[in-house]
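User: Could you take a close look at one part of this model for me? I'd like a connected walk through it rather than a list.

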Amino acid sequence: MAAALVSDDSFLDEYEDKALPIGYRFVPQDHELISFYLFNKIKGFQLPSDVVKNIDFYYLDPFHFSPCEFKHGRKNNEAYYFTKTKEIRSKMDRIERHTRNGYWKSCGKAEEIKHGDRIIGLKRLFVFHWRIPELGFGNWVMHEFRLHPTLLIPHPLLDEKIKAKIQRCVICRIVNREGYYGV
């Protein structure tokens, strides 16, 4: 029976495009996303897998994401992306989070992420809202992770180029709450 499973091409095709070995799940803790993935990305170090993909996140509506990307997390309904934020020119401290058909609305204040006693990053929650009022808000939630500004203190490893990346580079964890992929 085991030989039949090994030779069954449809069984193997299901796992062919995964970045992780069979049986593994990508369920990082918040501090791991910041201290390992985001910091190493900013520093230009190679990451162990391509689970966190690079995209221009804030120009895409949620239904543009492929359903096969949502295979991470405890419920296999999460996707992770590196992206760069785009500041609104008139207000340099504000970040534009509008897409063609909607926008990501912030819910509450940024939460500090700690590793031990040290604050290493910030996490903010967003919910996607459609521009058409009848559609209301979507089934999409985003957690945006960024390095904490206190990491910008003078340090021999942090040159000006790295400091600029720290301010613009974020990781987004997108959660599809109901498995719905469309308008």
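How many residues does helix α3 have, and how far does α3 reach from its first C-alpha to its last?

Analyst: Bear in mind that this is a predicted model. Helix α3 covers residues 30-43, which makes 14 residues, and its first and last C-alphas are 19 Å apart. That is close to the 20 Å expected at 1.5 Å a residue.

Now for what is tucked away. The buried residues of α3 are Asp30, His31, Leu33, Ile34, Tyr37, Leu38, Asn40, Ile42 and Lys43. When you read that list, remember the general rule: an α-helix has 3.6 residues a turn, so residues three or four places apart point the same way. Just past the helix comes glycine 44, with a positive phi near 85°.

The residue to follow from here is aspartate 30, one of the buried residues of α3. Aspartate 30 forms a salt bridge with lysine 123, and the closest N and O atoms are 3.0 Å apart. This pair links distant parts of the chain, since lysine 123 sits in strand β7 (residues 118-130) while aspartate 30 belongs to helix α3, 93 residues apart. Both partners, lysine 123 and aspartate 30, are buried.

That contact is part of a bigger count: the model has 4 salt bridges. Another one pairs arginine 97 with glutamate 144, whose closest N and O atoms lie 2.8 Å apart. Arginine 97 is in the loop between β4 (91-96) and β5 (102-106) and glutamate 144 is in strand β8 (residues 137-147), so this pair ties together parts that are 47 residues apart in sequence. Arginine 97 counts as buried because its relative accessibility is 11%, under the 20% cut-off. Glutamate 144 is buried too, at 3% relative accessibility.

Glutamate 144 also forms a salt bridge with arginine 146, with the closest N and O atoms 3.3 Å apart. Arginine 146 has a relative accessible area of 15%, so it is buried as well. Back at the helix, salt bridges that share partners join Asp30, Lys123 and Arg173 into one network.

What about cysteines? A search of the whole structure turns up 0 disulfides. Cysteine 172 is buried, at 0% relative accessibility, whereas cysteine 68 is partly exposed, with a relative accessible area of 45%.

Terms used
Residues are numbered from 1 along each chain as its sequence is written. This is a predicted model: local features need pLDDT of at least 70, side-chain atom pairs count only at pLDDT 80 or more; totals for chains, interfaces and linings use all residues. Side-chain values use heavy atoms; hydrogens and water are left out. A disulfide is a pair of cysteine sulfur atoms within 2.5 Å. Buried means under 20% relative accessible area, exposed over 50%, partly exposed in between (1.4 Å probe, protein chains only). Helices (H or I, at least four residues) and strands (E, at least two) are DSSP runs, numbered from the N terminus. The expected span of a helix is 1.5 Å times one less than its number of residues. A salt bridge is a side-chain nitrogen of Lys or Arg within 4 Å of a carboxyl oxygen of Asp or Glu.
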